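Thanks, everyone. I'll keep this short and walk through one structure, starting with charge pairs and ending in the core.

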Amino acid sequence: TAIAHAVQIARRVGASVEVVLVHAAPHRTGDAEDAWDPGEWPIEARYLAEVSAELAAGAHLTVTTAHLRGPVADVLVQQATDTNADLIVMSSHGRSGFSRAWLGSVADAVVRQADCPVLVMRHTEPQRRLVSRPAFKRILVTVDGSEPSHTVLGPACDLARAMGAEVMLLRVVPPVPLVSAVGGFALDLGYAPMIVDEVATTRLAEKTLASLTELAYRLAAEGMTVVPHVAISVAVADAIGDFCMAHGVDCIAMATHGRGASRILLGSVTDKVLRAGHLPMLLQSRRQGVHHNNMNATPAIKSAVVVPPTLSSIPLEHG
């Protein structure tokens, strides 16, 4: 799953690909040297050689391999740092229930630690490594109004330029409450239903759309089509999912941050989007600030188009 996407991107930007396999035999003792199975090493080496040969011959790419061992996430991140990688592409086995994040521990840790963006997709079923993948046509970038949420804009725009994709900016804002009714049935259920101030909510949407439109014009000046959107909803993750289905989004780009050992890395919104969706996600740690690595992007196109939607297109999702 990951290789197919990596090939598509690398061919479009003329990038090389390094295929990395970290030997991850389960620890049997406290001795690190006894924690790996040397019998599996040559099997893994043959696998890497086969993948490398297939990519070099079938995709006409410059391919290198790295066969490593140690703590998987730490080793992957260090290898990306040592080779000055612009992008990490990986698939992940999803985990259900409250005990694990959707990404699983390895991908979760890689996103948290890596300096470069990470493109993650859900592993579904075995497939040919060089299966044809269509280029992304619409990349959704979600922002929340904060500067750290803009961290992913650079990598997302690089990817959009490489793919010739449209960038869709989305910010989900909550409806403005007018008053909360407390008592009777609401008290029995343990919550107070919201009464929405429609005028204030519309003003908030207009102000947010104006801000996003200004950002869209700045991005469009770098050479791409950018369309700003605002959705109003108390359920941010659901609104993002609904937007993706309604607009034919191919990839979601989000900046994310850690919450410490007591919580999943990505925070509730990003994790819910990952759990509910099936789309590849370009994730960038907010700790990297607004700096981003350029993914050997192709030169910007000469024309730029920004298409601001009218306020009538903004869905009111509250109640």
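Arg218 sits partly exposed, with a relative accessible area of 48%. This is a predicted model, so keep that in mind throughout. What does Arg218 pair with? It forms a salt bridge with Glu214. The closest N and O atoms are 3.6 Å apart. Both residues belong to helix α7, four residues apart. So about one helical turn separates them.

How many salt bridges are there in total? The count comes to two. The other to look at links Asp158 and Arg161. Here the closest N and O atoms are 2.7 Å apart. Again we are inside a helix: both residues lie in α5, three residues apart, about one turn. Buried or exposed, this Asp158? Buried, because its relative accessibility is 2%, and the cut-off for buried is under 20%. Arg161 also counts as buried, at 17%. Arg218, at 48%, is partly exposed. As a general point, side chains of opposite charge can pair when their charged atoms come close.

Next, a polar residue in a strand. His67 is in β2, which covers residues 63-69. His67 is buried, at 19% relative accessible area. That value falls under the 20% cut-off, so the label holds. What does the His67 side chain bind to by polar contact? The side chain of Glu44, at 2.8 Å. Setting aside residues up to four places away in sequence, His67 touches Leu21, Trp41, Glu44, Ala45 and Leu48. So Glu44 appears twice for His67: as a touching residue and as the polar partner.

Now cysteines. How many disulfides does the structure hold? Zero. Take Cys251. Why is there no bond there? Its sulfur is 9.4 Å from the closest cysteine sulfur, in Cys244, and that is too far. A disulfide needs the two sulfurs within 2.5 Å. Cys251 is also buried, at 0% relative accessibility. Cys157 counts as buried too, at 2%.

On to the core. The largest nonpolar core has 35 residues. Which members touch the most other members? Ile139, Val141, Leu159, Leu169 and Val226. Several elements give two or more residues to this core. The helices are α1 (2-13), α5 (153-163) and α7 (198-220). The strands are β4 (118-122), β5 (138-142), β6 (166-173), β9 (225-233) and β10 (251-256). The largest share comes from α7, with seven residues.

Let me pick out Leu169. Leave aside neighbours within four places in sequence. Leu169 is then in contact with Val141, Leu153, Leu212, Leu215, Ala216, Leu219, Val226, Val227, Pro228 and His229. Val141 and Val226 are on that list, and both are among the core members that touch the most others.

Apart from this core lies another one, of 34 residues. Its members include Met90, Ala114, Leu279 and Leu283.

Last item: the strands behind that Leu169 list. In which sense do β6 and β9 pair? Parallel, over seven bridges. One of the links is Val167, whose bridge partner in β9 is Val226. How covered is β9? Mostly: eight of its nine residues are buried. Val226, then, has two roles here: bridge partner of Val167, and one of the core residues that touch the most other members.

That's my tour. Questions, please.

Notes. Residues numbered from 1 in each chain as written. Predicted model: local features only at pLDDT ≥ 70, side-chain atom pairs only at ≥ 80, totals over all residues. Heavy atoms only, no water. Core = buried A, V, L, I, M, F, W, Y, C linked by side-chain atoms within 4.5 Å. Buried < 20%, exposed > 50% of the residue type's maximum accessible area, 1.4 Å probe, protein only. Contact = heavy atoms within 4.5 Å. Polar contact = N/O pair within 3.5 Å; in protein donor to acceptor, adjacent residues only side chain to side chain. Salt bridge = Lys/Arg side-chain N within 4 Å of Asp/Glu carboxyl O. Pairing = 2+ DSSP bridges.
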